[in-house]
Amino acid sequence: MLTATQLKPDVYWVGGVDWNARSFHGYTTEDGITYNAYLIMDEKVTLVDTAKCTHTADLVERISTIVDPSKIDVLVSNHVEMDHSGSIPAIMELAPNATIYTSAPAGLNGLKAHYGDAYSYQGVKTGDTLCIGKRTLAFVQTPMVHWPDNMVTYDAYDKILFSNDAFGQHFASSARFDDENDLNELMIQAKKYYANIVQPYGPQAKRAVEAVKGIGIENLDLIAPAHGIIWRSNVADVLAAYDGFVSGEVADKAVVVYDSMWHSTEKMAKAICEAFVEEGIPARIYDLKVDHPSNIMTDFLDAKYLCAGSPTLNSQMLPTMANFLTYMRGLSPKNAQRVGLAFGSYGWAPLGPNNVGKVLEECGFQLPEKTITRNWVPDQAFLDEIQAKTRAVIEATK
Ligand code: FEO
């Protein structure tokens, strides 16, 4: 028998835990995913968000431990994406008289495009409120964090912010609250979530964080996102972490990403990494044969330097590097502080590394050194030269 978890008197978590999920749109979820939904037992029985359709049965079972689902009067849909709206048809079949509250116009349009217009919908905007009894829910639209329709819902009576994707983490756990899990792990997961989901919309996320801070920390007992654990004892910490994420600030840190066929590009990557370390700049190497782009992006979120290396394969960069660069370019807004360095070996044409350099240029990164290429195998003299060029990049971008 599945159970509901009480957040506050008459407020419950009734979501689903997807222990086996290992990917979300190309983002590796090694620790699974949760789809959080919340039930508020007031004069109007209210459900905040639903769950992915794979977890409809879990959602309904958990709700049923508290109330007959047919009694639901209000369904707040903070976000159209199907990991949160996928169980709306099932809930509306059980509770056909419920009204769906969603952001206007994007939420209304999105839900109707997914599920038809037969349901009772009510569009809301920032500043709109809904009295459900003792409680009044306030809606704040947070467009493009990370879809046009996103909004958050604040319950002042319980001092709970239902933040949907914001402040979420892809992390499955049997413990629902932050203080019941390892905080360092949660912060890494929150950073990975931001880096891989929200990062392209930094300015919009910054406005959303300011709106949340405007509620006042003293009025935020809980931040209850739609993924992962609920922030209870570390609300200030996650807000501070988001301040850093949305700032777009980068630190003196280098991420060296490469793939290699016969270890020549690998030797170049190691030489570059070592040059950063010798200059006192933390650096880390990622081999695309074993490291996933979504984990690299977590590290790159606050890194100033991206060094990317590929040899030439059939007149192209290696497909692993093309995959990484496509993913990275989609996530990273142009950031004048970021610095790129492309490199790689080749047999008869340096097209692979040169194409890497073109992508870094298109990303808007500073490129103080032109792409470093090496015909066949680098010797020690060439590796020394690479290190000198890396030091020159550091010096030029201090
Ligand atoms: Fe968790 Fe944008 O959906």
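In this short talk I will go through the sheets, one helix pair, the aromatic contacts and a few backbone details of the structure shown above.

Please keep in mind throughout that this is a predicted model, and that the values I quote are computed from it.

Let me begin with the sheet that involves the early strands. Seven strands make up an open sheet of mixed pairing, and their order across the sheet is β1-β2-β7-β8-β9-β10-β11. At the edges stand β1, residues 5-8, and β11, residues 120-124, each of which pairs on one side only. Going from one strand to the next, the twist averages 25°. To take one pairing within this sheet, β9, residues 72-77, runs parallel to β10 with four bridges between them, and in that pairing V74 has T99 of β10 as its bridge partner. Helix α4 lies across β9, β10 and β11, and its direction makes about 125° with that of β10.

The link between β10 and α4 deserves a pause, since the backbone there is one to check. General expectation first: most peptide bonds are trans. Between A104 and P105, however, the peptide bond is cis, with omega at about 0°, and P105 belongs to the loop that runs from β10, residues 99-103, to α4, residues 106-115.

Where else does the model place a cis peptide bond, if we look at V145 and H146? The bond joining V145 to H146 is cis as well, with omega near 15°, and H146 is found in the loop between β13, residues 136-141, and β14, residues 151-155.

For anyone looking at backbone torsions, D49 should be added to the list, because most residues other than glycine have a negative phi. D49 is not a glycine, yet its phi is positive, near 65°, and the residue sits in the loop between β8, residues 45-48, and α1, residues 56-64.

Next come the strands around β13, which has antiparallel partners to describe. Strand β12, residues 129-131, pairs with β13 in the antiparallel sense through three bridges, one of the partnerships being that of L130 with L137 in β13. The hairpin of β12 and β13 has four residues between its strands, and within it G133 adopts a positive phi near 135°. β13 also pairs with β14, again in the antiparallel sense, over five bridges, and here V140 has V152 of β14 as its bridge partner.

I turn now to the other open sheet. How many strands does it contain, and in what order? There are five, arranged as β18-β17-β19-β22-β23, with parallel pairing. Because β18, residues 283-287, and β23, residues 372-375, each have a single partner strand, one side of each is left without a neighbour in the sheet. Neighbouring strands here are turned against each other by 15° on average, if direction is ignored. At the β23 end, β22, residues 339-346, pairs with β23 in the parallel sense over four bridges, and S345 has R374 in β23 as its bridge partner. Helix α8, residues 264-278, packs on this sheet and touches β17, β18, β19, β22 and β23, with its direction at about 150° to that of β22.

Now to the helix pair. The axes of α5, residues 183-198, and α7, residues 235-247, come within 11 Å of each other and cross at roughly 35°, and the crossing is right-handed. On the α5 side the contact involves M187, A190, K191 and Y194, and these meet D237, V238, A241, Y242, F245 and V246 of α7. Which classes of residue make up this contact? It has eight nonpolar residues, two charged ones and no polar ones.

Some of these residues reappear when we consider the aromatic rings. Y194, Y242 and F245 join F167 in one aromatic cluster, and the structure as a whole holds eleven aromatic pairs.

Finally, there are arginines placed over rings. The charged end of R176 sits over the ring of W13, at 4.0 Å from the ring centre, while R232 lies over the face of F177, 3.9 Å from the centre of that ring.

To close, the places I would suggest looking at on the screen are the cis bond between A104 and P105, the contact of α5 with α7, and R176 over W13.

How values were computed
Residues numbered from 1 in each chain as written. Predicted model: local features only at pLDDT ≥ 70, side-chain atom pairs only at ≥ 80, totals over all residues. Heavy atoms only, no water. Phe/Tyr/Trp six-rings, centres within 6.5 Å; stacked < 30°, edge-to-face > 60°. Lys NZ or Arg CZ within 6 Å of the ring centre and 35° of its normal. Axes fitted to C-alpha atoms, helices over the stretch in contact; angles between N-to-C directions. Helix = DSSP H or I, 4+ residues; strand = E, 2+ residues; numbered from the N terminus. Left-handed = near helix turned anticlockwise from the far one by under 90°. Contact = heavy atoms within 4.5 Å. Nonpolar A, V, L, I, M, F, W, Y, C, P; charged D, E, K, R; others polar. Pairing = 2+ DSSP bridges.
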